[in-house]
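Visitor: Please put the model up. I have some questions about the fold and the ligand site.

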Amino acid sequence: MPNSHIIGTGSSIPKRVLSNSDLETIVDTSDEWISRRSGIKERRISSKKEKESTADLATRASLKAIEMANVSPESLDLIVVGTVTPDRQFPSSACMVQKELNAANAAAFDISAGCSGFLYALSVVDNAISAGTCKTALVVGVERLSTILNWEDRSTCVLLGDGAGAVVVSAVPEQGGILSTHLKSDGHLWDLLYSSYRNGNSHTPETLREIDKKPFDLKMDGNPLFKRAVGYLSDIAREAMSHNALTSEDVGLFVPHQANIRIIQGMAKNLRIPMEKVYTNVHKYGNTSSASIPLALDEANREGRMKTGDHVLLVAFGAGLTWASSMLKWVL
Ligand code: UT7
């Protein structure tokens with residue numbers, strides 16, 4: 001059976017930075033509250049002027065991953081995009097990315113799995129490779145949560161941001177690469193985090209005063225989500241390690257979903273791992289949902305945080321509820 005190797009990573013973030021002090025001017029909040037409760041200092045917000053649609057960000061991240069992988073877009077036979085903020089209800093963001101890349105031989109579709117979208121997409125691709133139906137695939141996580149936020153709701157608008165990350169996965173006979181994926185859902189709890197339908201084909205205006213304050217309907221019950229996030233991330237990390245007969249000492253780097261530094265610290269405490277072994281960038285980008293893990297993975301890769309042969313554990317948790325893991329043996 002072929003193995004799935006990640007052979008390239010890439011990411012793309014909007015140019016515009018929205019700091020906690022910027023947010024102090026539009027909602028009743030403070031840098032002190034946001035930093036202490038979430039660890040977030042700033043986030044990126046997409047802009048029409050900079051041509052930063054969901055498909056644009058996804059394409060830029062993909063081009064970097066493809067360049068690192070040293071493959072041609074024509075060699076891609078599958079493009080799977082995890083997102084809850086596509087530019088349009090249809091066609092999929094994946095088809096728009098396919099067009100921009102000229103990846104003429106790929107089948108392309110999106111996956112909606114909340115903040116676990118990237119790991120769900122990675123799992124689909126890994127299974128297609130194992131089944132022999134795919135040789136080279138592009139997996140993307142991309143979000144523009146700024147387009148569905150209620151900018152008058154301080155309990156959510158300070159937490160989320162925009163960005164994209166991508167990986168190229170290749171079928172090879174050698175061992176290593178994606179060792180396992182585990183996916184979980186609990187639809188009974190969908191109403192802890194949800195959005196009403198809205199065509200996301202819009203951008204946050206350039207100046208804060210112009211931000212459209214019409215309440216879009218992103219609702220989050222933060223506290224119960226927080227407790228479940230810590231518990232489910234810890235549980236699924238343990239399941240991934242036990243499935244691969246590994247302990248936390250065998251894992252070189254943990255790359256968790258970046259929703260809140262306190263959630264990540266809670267997970268690390270449960271797993272008895274030092275924070276030095278956990279990659280975090282939530283302070284720079286906030287919670288970018290499906291984009292958070294591939295964005296963190298690409299930054300960690302480009303910073304040299306993984307060596308060939310290291311075990312890297314990816315864990316996600318989000319709306320649905322969904323949660324997921326993937327254990328990697330790093331091959332780059
Ligand atoms: O991506 C996966 C899904 N998302 C998550 O997993 C997020 C999970 N939840 C969280 O990260 C945290 O629950 C939050 C960061 C959302 C909130 O932290 P918390 O420690 O759970 O605070 P809280 O919800 O209990 O709110 C505490 C207080 C409230 O005031 P009172 O009722 O104590 O007077 C809120 O009204 O903080 C108030 N508050 C704020 N104050 C200043 C809520 N948002 C803000 C704000 N600025 N932005």
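Visitor: Among contacts between residues at least 6 apart in sequence, what percentage join residues at least 24 apart?
Guide: This is a predicted model, where local features need pLDDT of at least 70, side-chain atom pairs count only at pLDDT 80 or more, and totals for chains, interfaces and linings use all residues. Residues are numbered from 1 along each chain as its sequence is written, and side-chain values use heavy atoms, with hydrogens and water left out. Contact means heavy atoms within 4.5 Å. The share asked for is 79%.

Visitor: What percentage of the 332 residues is buried?
Guide: Buried means under 20% relative accessible area, with a 1.4 Å probe and protein chains only. By that cut-off, the buried share is 59%.

Visitor: Which residues are closest to the ligand?
Guide: The shell takes residues with a heavy atom within 4 Å of the ligand. It holds 23 residues. The closest are Thr-29, Arg-154, Asn-223, Asn-260 and Asn-287.

Visitor: Which residue has a side-chain N or O atom 2.7 Å from an oxygen atom of the ligand?
Guide: Polar contacts here are pairs of N or O atoms within 3.5 Å. A ligand nitrogen lies 2.7 Å from a side-chain N or O atom of Thr-29. Another entry pairs a ligand nitrogen with a polar backbone atom of Gly-222 at 3.0 Å. For the ligand oxygen, the partner is Asn-287.

Visitor: Which element gives the largest share of the shell around the ligand?
Guide: Helices are DSSP runs of H or I, at least four residues, numbered from the N terminus. The largest share is four residues, and it comes from H7.

Terms used: A polar contact is a pair of N or O atoms within 3.5 Å; within protein, one must be able to donate a hydrogen and the other to accept it, and residues adjacent in sequence count only if both atoms are side-chain atoms. Helices (H or I, at least four residues) and strands (E, at least two) are DSSP runs, numbered from the N terminus. Buried means under 20% relative accessible area, exposed over 50%, partly exposed in between (1.4 Å probe, protein chains only).
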